[in-house]
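Colleague: I'm new to this one. Could you take me through a single part of it, slowly?

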Amino acid sequence: MDSLLNNERPPVFCPGCSHDRITHTLDNAFQNMGLTAEKIVMVSDIGCSGLFDTFFNTHALHGLHGRALTYATGLKLARPDLNVVVTMGDGGQGIGGAHLLAACRRNLDLTLLVLNNFNFGMTGGQYSATTPLDAEVGSGFLNQLEHPLDICQVARSAGAPYVTRCSGYGSDLADEIQRAIEFKGFSILDIWGVCPGRYTKKNRLTPKAIESMLAELPPMQGVVAENKRQEYGTHYREAAARQRRVGDPLKIEARFAPPRPGRQEVVLLGSAGQRIITAGEILCLAGLTAGLQTTQKNEYNITVLRGPSISELILSPEEIDYTGIEKPSAIVVLDQEGVNRRRAMFDHLEEDTLVVKIQGVEIPACKAQIHGVDLKALGIKKPDWALASLAILAHPGQIISLGMLTAALKTRFKGKILENALELIKKAGAI
Amino acid sequence: MSLTLLEGNEAVARGAVAAGCRFFAGYPITPATTILNAMLSLLPPLGGVCLQGEDEIASIGACLGASMAGLKVMTATSGPGISLYSEQISFAIGSEIPIVIVDVQRLGPSTGSATRGADGDINFLRWGNSGGMPVIVLAPVNVADCFTLTFQAFNLAEKFRCPVFIASNKEIAMTRESIDMDALQIPDRVTRTAPPGGQNFLPFQVRKGRGVPDFLPIGGEVPVRQTSSTHGINGYITTDHNEIAGIIKRLKTKIHSAVDQFSFHESHTVKKAETLIIAYGISARAAKAVFNVQKTTKHPVSLLVLKTIWPVPEAVIRRATRDIKRVIVVEMNLGQYVHEIERILPDKPVELLAQMDGRLITPQAIKEKIING
């Protein structure tokens, strides 16, 4: 196979830089694998490792510092057949730590080559996430205060199924790289090297020293047995193929006449767990069965089963512009929490507003007609009160008709749930 | 006629899929989460990909990768997520990567209020990239716009190879609304153009008479380079200031010179009206309510609803204000877009009705502004 190195742009690193050797070794690995240019995408980010993409005549994407894995993820999911090779430095590992963890956990078939030279070469030799505590680097004393990161241990803990720590000077590096690329899943190579431009100006580090340092560490050589599992992309496509296609949203034909002319505004004041939002949706659907325009604006706390839940509904034969409540036709009072959130609304009510109020809930003094109901006495449970109250709004001449309500329930519910809902409406409608 | 009850966010998702979107990545955030939910149910059965990223930066990064592989991509977030997207937005602008970005705005600053609406990101979307390059921002008013403008956003992203924002708002996104799906005005799909065969492909070369480079995907037969660095037409770093100046200028003009092609707006005019209300997003609906009431009174007003926010549709604004003596800009923030209107209309009095407290601006407040100034 031919070299995939870019003849027009030969590698330009500082004299003695380990990156230079790794560039050529990577090219050897590609050649040994018989890979052609269009089968490879080199993804890199910022720093000296970010020069790699320009030295190869392959597909290439060079992006922001620490984010190479993010682009690689999108590329690989879009084109599973591509060999996606990511180069990052120890700097990129620091700033993009979350992406490294996610890549290890996800196990998408990417190959990450970390060109680890223990400092930020390009910006003046500042300390990185892997700088030893006793190193003398361009960050004054700061590196003495932060413990260096063991990339391999982190990757292993995060679930990477293939982790290798090796020297950029190793005679088998091309084979190491080939094995990592051929591994079906996320593979990471922590490749240690020398940065003569910055790091070794004040620190002694040689290929030999790297070799003996590596020998003292617990070996990390490829497959991590406890992390072996199905590759993400394959898994994703298998799971996706089992998903059922979602149909178009339901279209509802108008087949009823609305009981009242003009815009009707309804407010449901309750609390979480009362299925306020569902009841609001049913009221809107009922409106659609009469050809009315509708809007549903909800307010609830981010907590589940705690706090107020409010639904503001508008049904109108005209286009609905403003979605706020100006002059409610009906307010359904189901819980004190909802009332407390909307106390000010009661000050402005007129005589023609109907307030349907559950017994025991206190509301501010107002001019509206108040219709007290005791749903509990009818044996209706609190989570059903909102739905039950729609039956009262379906009394003759009110907001909707019983026909509209029944039709809405039939579009929203099926089977036993529908039967129960219809039964509930019948019971509450008798009030 | 039949009607459908649909939430704004679901309409965005369905508009995206209709436009050909096959890759979505996002990170959950109220009030944008239901777009992620909808894409997760819509895309996988179509062979598309929906990914929950480890954070916002990863989500948009994955989109950029997938877009470079040739897919139509979208991400969605709210103000705090746009903050995190910023570096990747700059990348998409400078390196001409098509993407649709939905900002379902919530009350800021910072984490602000997750479930309160606002239009506080209008200038942030325009200016939140390093380099200050122009972007396209469309603002839906209702659930139908959520569908059609998202569709248009994909077409524009493909045509101009750039990020296109949908500036939604909690009050549109999480409000359910009736919509006549059969009446939607759906444009034809646009897809980025491949270069003519028979010549060497240079990733940022622009054919004569065009403003946008042709596109070949990463992963195709011809090796393609993409880079976030200042590049020449070959996709390699350049230090040639003439080449740099040419590309930077093109990034601006390709969008600015074309704004008349996509100046989405609604103009409601009453002949004898001396006052024009300019509004966008959810506030345009309160303004429309006022317009409808006032049009039969002695004091009618005209209304201009802008749906293309950036680049500023200057021709539309000039046309709408030709016979107008007074302009009122209504905004759900402290007054951002009003400065654009003042810039375009230096000879007319421009007033501002601004409110930023998590509540909708009411028709009553607009009416009072008209009467009392």
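Modeller: Sure, and a word on domains to begin with: their bounds come from an automatic or database domain assignment. This is a predicted model, where local features need pLDDT of at least 70 and side-chain atom pairs count only at pLDDT 80 or more, while totals for chains, interfaces and linings use all residues. Residues are numbered from 1 along each chain as its sequence is written, and chains are lettered from A and ligands numbered from 1 in the order in which they are written.

Let's look at chain B, which splits into domain 1 (1–262) and domain 2 (265–372). Their C-alpha centres sit 28 Å apart. Domain 1 of chain B puts 28 residues into the contact and domain 2 of chain B puts in 22 (contact means C-beta atoms, placed from the backbone, within 7 Å). On the domain 1 side, the elements giving two or more residues include α6 (143–160), β8 (163–169) and α8 (241–256) of chain B; helices are DSSP runs of H or I with at least four residues, strands runs of E with at least two, numbered from the N terminus. That side has 16 nonpolar, 6 polar and 6 charged residues (Ala, Val, Leu, Ile, Met, Phe, Trp, Tyr, Cys and Pro count as nonpolar, Asp, Glu, Lys and Arg as charged, the others, Gly among them, as polar).

Now for a helix pair: in chain B, B:Ala286, B:Ala287, B:Ala289 and B:Val290 of α9(B) meet B:Pro363, B:Ile366 and B:Lys367 of α12(B). By class, this contact has 6 nonpolar, no polar and 1 charged residues.

Terms used. Two residues are in contact if their C-beta atoms, placed from the backbone, lie within 7 Å.
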